[in-house]
Amino acid sequence: MSIFLKDFPIRRGRRLRQNQVIRSLVKENNLNCNDLIAPIFIREGTEIIEAIPSLPGVNRYSLDRLLEYIELLLKFDIRTIALFPYTPIGKKSSSCEEAWNPDNLVNKATRLIKSSYPELVIMLDVALDPYNSDGHDGLLVENKILNDETLIALEKQALIQAESGADILGPSDMMDGRVAVIRKSLEKNGFKDVLIMSYAAKFASSYYGPFREAVGAKGLLNGDKKTYQIDSSNLEEAIREVREDISEGADMVMVKPGMPYLDVISEVKKRLQFPTFAYQVSGEYAMIKGAIDNGWLDRDKTILETLLCFKRAGCDGILTYFALEAGKLIKKDNTH
Ligand code: PBG
């Protein structure tokens, strides 16, 4: 008999899998509604719920239709949202000043939501790309992304967002030193409790395509983002980036994309032991949703499995376009 079977029948792995009750007794990880952050795309105008072709099932909402969607999320115990603006071309420029306009769409939306749902946690992206006519997260001058000049812009953007009532700021630009600049500025200006969830390990990925369409940046991007986002092959560099963001004052860190980078999530959690989040990005959603809509994957099981895997990898929470669907499935599951 093979040495691998020397404990058989003393040890039978299948004893632990024999029925649902036993299986749930030894379950190592659970997915809960309070693990989920729902990204929401917003746009100008009234009475608009607009489909995004490359993200079937995800919409852009005008502000007057936003609260009804939020009510739905709350019904399924999803209490943290991340807002992303679709910015019409006329409001984009190479200096990106719409980013720190107190009346820009995300700031208006934040004030509106907070007036009805003060307890809802709102996260806003700190990055210039929705407002940049070049499509980049930083200021582009003579074909170079300028790091330190971008920091000045990001600081202005972050402060205005905090003033509007954002609870969590998510620097997603990958400029060096951004977390330190934002943290110092928040402290100096009386926003001591505003959280920073930095997009700490953000890879230069092809999975962001549908998002760029959703925020109106598709086709604008001049070149690529490889001079600031991390090369997909690099794990140690990702760990260094996360470590730096923590030392600069981030409260939570994020790895992005999610599923293709579960190894990075796992290492970040194990080595740095810090609140760790994943962004299951637009391309991941589109891929799974495409297969579901074609009948190639089982909808409910696949959604729950992909999200649970993030918990197993070490995530405390997940940003996902499946948030509402997953919330419904989790609630249904719990009532059985
Ligand atoms: C931009 C930003 C991106 C995403 C979130 N913030 C895109 C990018 O870096 O090009 C991607 C999210 C997604 O694909 O769902 N700062």
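**View 1. Helix H2 and its buried residues.** In this predicted model, helix H2 tucks away Leu63, Leu66, Leu67, Tyr69, Ile70, Leu73 and Leu74, which are buried. Looking down the axis of H2, you'd find these buried residues within an arc of 170 degrees, so they line one face of the helix. What do they pack against? The buried residues of H2 meet strand E1 (36–43), strand E3 (59–62), strand E4 (80–85), helix H3 (105–116) and helix H11 (323–334). The length works out too: H2 covers residues 63–75, and at 1.5 Å a residue its 13 residues should span 18 Å, which agrees with the 19 Å between its end C-alpha atoms. After H2 comes Asp77, with a positive phi near 65 degrees.

**View 2. Ile81 in the largest nonpolar core.** The largest nonpolar core has 108 residues, and the members that touch the most others are Ile40, Phe41, Ile70, Ile81 and Leu83. Pick Ile81 and look around: leaving out residues up to four places away in sequence, Ile81 touches Ile37, Ala38, Ile40, Ile70, Leu73, Ile113, Leu120, Val121, Ile122 and Met123. Two of these contacts, Ile70 and Leu73, are also among the buried residues of H2 from the first view. As a rule of thumb, nonpolar side chains in soluble globular proteins tend to be buried together.

**View 3. Ile122 in strand E5.** Now shift to one of the residues that Ile81 touches. Ile122 sits in strand E5, which runs over residues 121–126. Is Ile122 buried or exposed? Its relative accessibility is 0%, so Ile122 counts as buried. Beyond residues up to four places away in sequence, Ile122 touches Ile81, Leu83, Thr110, Ile113, Lys114, Ala166, Asp167 and Ile168. For a sense of distance, take Thr80: it is 42 residues from Ile122 along the chain, yet their C-alpha atoms are separated by 5.9 Å.

**View 4. The residues around the ligand.** How many residues surround the ligand? There are 17, and the closest are Lys202, Lys225, Lys256, Ser282 and Tyr321. Several polar side chains are worth zooming in on. Ser172 places a polar side-chain atom 2.7 Å from a nitrogen atom of the ligand. Arg212 also has a polar side-chain atom 2.7 Å from the ligand, this time from an oxygen atom. Gln229 joins in with a side-chain N or O atom 3.0 Å from an oxygen atom of the ligand.

**View 5. Helix H9, starting at Ser282.** Ser282, one of the residues closest to the ligand, is among the buried residues of helix H9. The others are Gly283, Glu284, Tyr285, Ile288, Lys289, Ala291 and Ile292. These buried residues pack against helix H6 (209–214), strand E11 (276–280) and helix H10 (299–313). H9 has 12 residues, 282–293, and reaches 16 Å from its first C-alpha to its last, close to the 16 Å expected at 1.5 Å a residue. Met287 lies in H9 as well, but at 45% relative accessibility it counts as partly exposed. The C-alpha atoms of Met287 and Thr80 are 24 Å apart, with their positions 207 residues apart along the chain. Following H9 is Gly295, where phi is positive, near 80 degrees.

**View 6. Backbone oddities in three loops.** Most residues other than glycine have a negative phi, and most peptide bonds are trans. Against that background, start with the cis peptide bond that joins Lys256 and Pro257, where omega is about -10 degrees. Pro257 belongs to the loop between strand E10 (252–256) and helix H8 (262–272). Next comes Cys96, a residue other than glycine with a positive phi near 65 degrees. You'll find Cys96 in the loop between E4 and H3, buried with a relative accessible area of 0%. Gln273 isn't a glycine either, and its phi is positive at about 45 degrees. Gln273 is in the loop between H8 and E11 and is exposed, with a relative accessible area of 66%.

**View 7. Ser185 and Glu155.** Ser185 is part of helix H5, residues 178–188. At 3% relative accessibility, Ser185 counts as buried. Which residues does Ser185 touch, not counting residues up to four places away in sequence? They are Glu155 and Leu159. With Glu155 there is a polar contact, side chain to side chain, at 2.9 Å.

Methods
Residues are numbered from 1 along each chain as its sequence is written. This is a predicted model: local features need pLDDT of at least 70, side-chain atom pairs count only at pLDDT 80 or more; totals for chains, interfaces and linings use all residues. Side-chain values use heavy atoms; hydrogens and water are left out. Helices (H or I, at least four residues) and strands (E, at least two) are DSSP runs, numbered from the N terminus. The expected span of a helix is 1.5 Å times one less than its number of residues. Buried means under 20% relative accessible area, exposed over 50%, partly exposed in between (1.4 Å probe, protein chains only). The arc is that of the directions from the helix axis to the C-beta atoms. Contact means heavy atoms within 4.5 Å. A nonpolar core is a set of buried Ala, Val, Leu, Ile, Met, Phe, Trp, Tyr and Cys residues joined through side-chain atoms within 4.5 Å. A residue is near a molecule or strand if one of its heavy atoms lies within 4 Å of it. A polar contact is a pair of N or O atoms within 3.5 Å; within protein, one must be able to donate a hydrogen and the other to accept it, and residues adjacent in sequence count only if both atoms are side-chain atoms.
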